[in-house]
Amino acid sequence: MTPNPLRLLLSLETRRAADPIRNPSAGTWISVGVPAVLGVAALWLGADSVRPDLRGGDGAITLGLMVSAPVAFWAYPILFRPADDALLRRLGIPARASYWLRAMRLAALALLILVLLMIPYAATGTLGPLPLAVAATAGLMAWGTSLSSLSGAAETIANPGRRLELTSMMMGPDAELVRAGPLVWAPLPPVIFGAFAARIALVGVLPPAAWLAAFAGLAAVLALRGAGRFERAAPRFLPQAAEMAYAPAPETGDAGLVIGRGLARVLPPRAGAVRARDAAVVARRFRWAGRIVWPVSVVCVLAILRAGERPAVQGWVAAAGALVLGMQAAAIIGLGRLERGGRRWLDRAAGLATADRLLGRWAAAFGMALALVIPVGITWAMILPGSGAWTWVAAAAASALVASAASLAAAGR
Amino acid sequence: MTMPAGDAPPLAVEGLRKAYRRGVVLDGVSFTLRPGEAVALLGGNGAGKSTLLGCVTGDRLPDRGEVRLCGHDPFKDPTAAAGCIGFVPEQPFLYGELTVGELLQFVAAARRMDASAARAECGRLLGMLGLAGAEGTLCRELSQGMGRKTAIIAALLHRPRAILLDEALNGLDRPSAERLLAELDARRAEGAAVLISSHDLELVAEWCSRGLLLRGGGWWAMLEGAEWEAWRRAPSLEAGSATSD
């Protein structure tokens with residue numbers, strides 16, 4: 001009897017997920033476990049700052065955004081860019097089976113985010129049905145809308161007779177970006193509807209549990225709609241999605257790596273070379289980790305300048321800073337995972353010692369964070385003298401150290 | 001252009017065009033792979049060999065042109081087209097978390113093969129490529145050559161009618177390469193067709209009956225008959241006259 005394709009994919013997924021237990025390695029556990037423990041500890045210790053207050057609709061919207069934004073933005077790689085996508089298509093796995101497996105992965109991500117966001121409520125003794133229902137409503141709505149919205153965008157792009165929409169034509173002069181326009185806008189509906197659903201769940205006329213059930217039904221309908229759209233889009237869109245990963249040569253490509261400039265001069269030459277290499281790879285492979293810094297820095301500086309004396313503002317600035325440092329740490333650990341499976345041969349061939357690699361990678365990670373901690377730390381010191389502005393620099397250095405060590409552990413032998 | 005799968009050639013390509021940001025790679029490429037034949041896909045680095053294979057397998061979307069695998073369009077009927085081909089990419093993806101045995105078991109199940117027949121065929125192919133006893137090895141622990149052999153077995157397991165090999169002989173030891181070619185000969189005798197890309201020009205000159213030469217920029221030529229015989233005597237990536245212009 002031949003197995004159902006989805007059941008086959010689920011058994012494969014279970015086997016892959018169980019790999020850290022079936023074939024345990026220190027590198028895997030350290031690279032995931034240490035940042036996870038530190039992240040949970042940070043959420044627990046900073047609970048008062050990062051816990052949206054659910055006594056009003058604004059708090060519900062904030063909690064809704066915190067759940068729905070990561071779901072919406074991770075939906076694209078989860079739906080369209082899994083590493084085994086081409087293999088599964090060549091094996092004749094139907095697109096619908098792949099879709100439902102990926103929908104389950106997205107649901108698992110939403111659940112993980114929900115659990116993480118409940119930690120501050122647990123730490124402050126306010127965990128109860130209300131925050132759970134509000135966050136779950138937002139998560140479900142973001143999940144269903146993401147599946148429908150992104151699959152719809154893919155279907156639009158894959159349509160050979162497509163006429164460009166006005167929103168796509170607004171994307172700028174790059175023809176490829178214009179063609180991908182629907183995907184650029186697709187994460188917005190899940191973010192907005194997720195936050196909207198959270199607010200309704202809190203302040204609507206029905207009890208939150210009733211709203212949760214209603215939105216769960218709506219999310220299921222949207223997910224079913226997404227399945228049809230994904231199935232129609234898959235044969236033409238998935239090859240295009242793989243090509244969208246093509247990165248044009250960087251503008252600074254001709255200049256070569258900048259080794260030993262500025263503060264990096266104090267590094268030993270080998271560590272300096274590692275820093276330059278790692279900084280360039282992270283900046284190109286995980287571009288979001290660098291791009292997130294400037295908007296957050298500007299907003300944080302403005303917030304401190306305008307209302308830095310208010311504890312709530314201090315809390316939000318600290319939370320935003322921690323989020324950026326966390327994202328950058330994820331990029332550095334991701335760099336280590338890229339090196340897994342033999343890509344470290346170059347370091348071995350060049351005779352780079354572990355100390356060189358650790359120091360260089362730490363310097364790259366720390367350098368990436370400086371664009372955040374220097375302007376925010378200086379502004380913090382100006383507005384709140386004696387409030388420990390150096391904590392920002394120390395936090396960045398410590399976060400970079402943990403991320404670098406975890407990254408090397410992830411890289412393996 | 002759809003024909004019954006049994007009568008249709010294993011692979012038919014008509015007017016294929018593909019361009020990237022850096023320029024046109026394939027332009028108007030047309031050829032048919034007949035049952036039982038082996039065609040060499042020739043060209044230097046970046047000439048478009050992998051792009052052509054990607055367009056054929058449905059991994060890359062052509063800008064223009066048609067591809068039929070056993071009569072099926074890989075972009076309209078991907079499941080039927082997938083049943084026709086066995087493809088070994090230049091950098092094959094293997095699930096690092098699975099053992100060789102588990103991976104092949106998964107591939108056989110995805111191909112809806114009978115479990116006992118698949119087990120027997122796996123054992124035979126593993127033995128042929130010198131991987132007997134490696135069933136319990138995690139794919140992430142395999143050497144490059146062993147990984148490639150695993151990918152080859154995964155591609156041949158369901159006895160495809162169109163066998164596409166992108167630098168599949170790279171990293172294989174000589175005896176394994178010879179045994180693989182013998183296996184491919186046996187498959188050809190059963191009616192399968194092979195399209196093989198390789199930088200080992202002497203080997204493909206000896207083994208193939210035609211050659212598709214790509215030189216980048218959309219230039220291509222099908223070397224056959226006297227032209228192929230002449231090329232076989234002095235294999236070179238510079239030979240041939242363009243068909244595309």
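Me: How many residues of chain B are in contact with chain A?
Reply: This is a predicted model. Contact here takes C-beta atoms within 7 Å. On the chain A side, 26 residues take part. On the chain B side, the number is 27.

Me: Which helix of chain B gives the largest share of the side that touches chain A?
Reply: Helix 2 (78-84) and helix 3 (100-110) of chain B each supply at least two residues of that side. The largest share is five residues. These come from helix 3 of chain B.

Me: How many residues on the side of chain B that touches chain A are charged?
Reply: Sort that side by class. There are 13 nonpolar residues and five polar ones. The charged residues number nine.

Me: Which strands of the chain B sheet stand at the edges?
Reply: Six strands form an open, mixed sheet in chain B, in the order 5-6-7-3-8-9. An edge strand has a single partner, so one of its sides is left without a neighbour in the sheet. That fits strand 5 (85-88) and strand 9 (219-223).

Me: In which sense do strand 5 and strand 6 of chain B pair?
Reply: Strands of a sheet pair through backbone hydrogen bonds, either parallel or antiparallel. Strand 5 and strand 6 (residues 162-166) of chain B share four bridges. Gly86(B) stands opposite Ile163(B) in strand 6. The sense of the pairing is parallel.

Me: At what angle does helix 1 of chain B run to strand 6?
Reply: Helix 1 (residues 49-57) of chain B lies across strands 3, 5, 6, 7 and 8. Its angle to strand 6 of chain B is about 150°.

How values were computed: Residues numbered from 1 in each chain as written. Chains lettered and ligands numbered in written order. Predicted model: local features only at pLDDT ≥ 70, side-chain atom pairs only at ≥ 80, totals over all residues. Contact = placed C-beta atoms within 7 Å. Nonpolar A, V, L, I, M, F, W, Y, C, P; charged D, E, K, R; others polar. Pairing = 2+ DSSP bridges. Axes fitted to C-alpha atoms, helices over the stretch in contact; angles between N-to-C directions.
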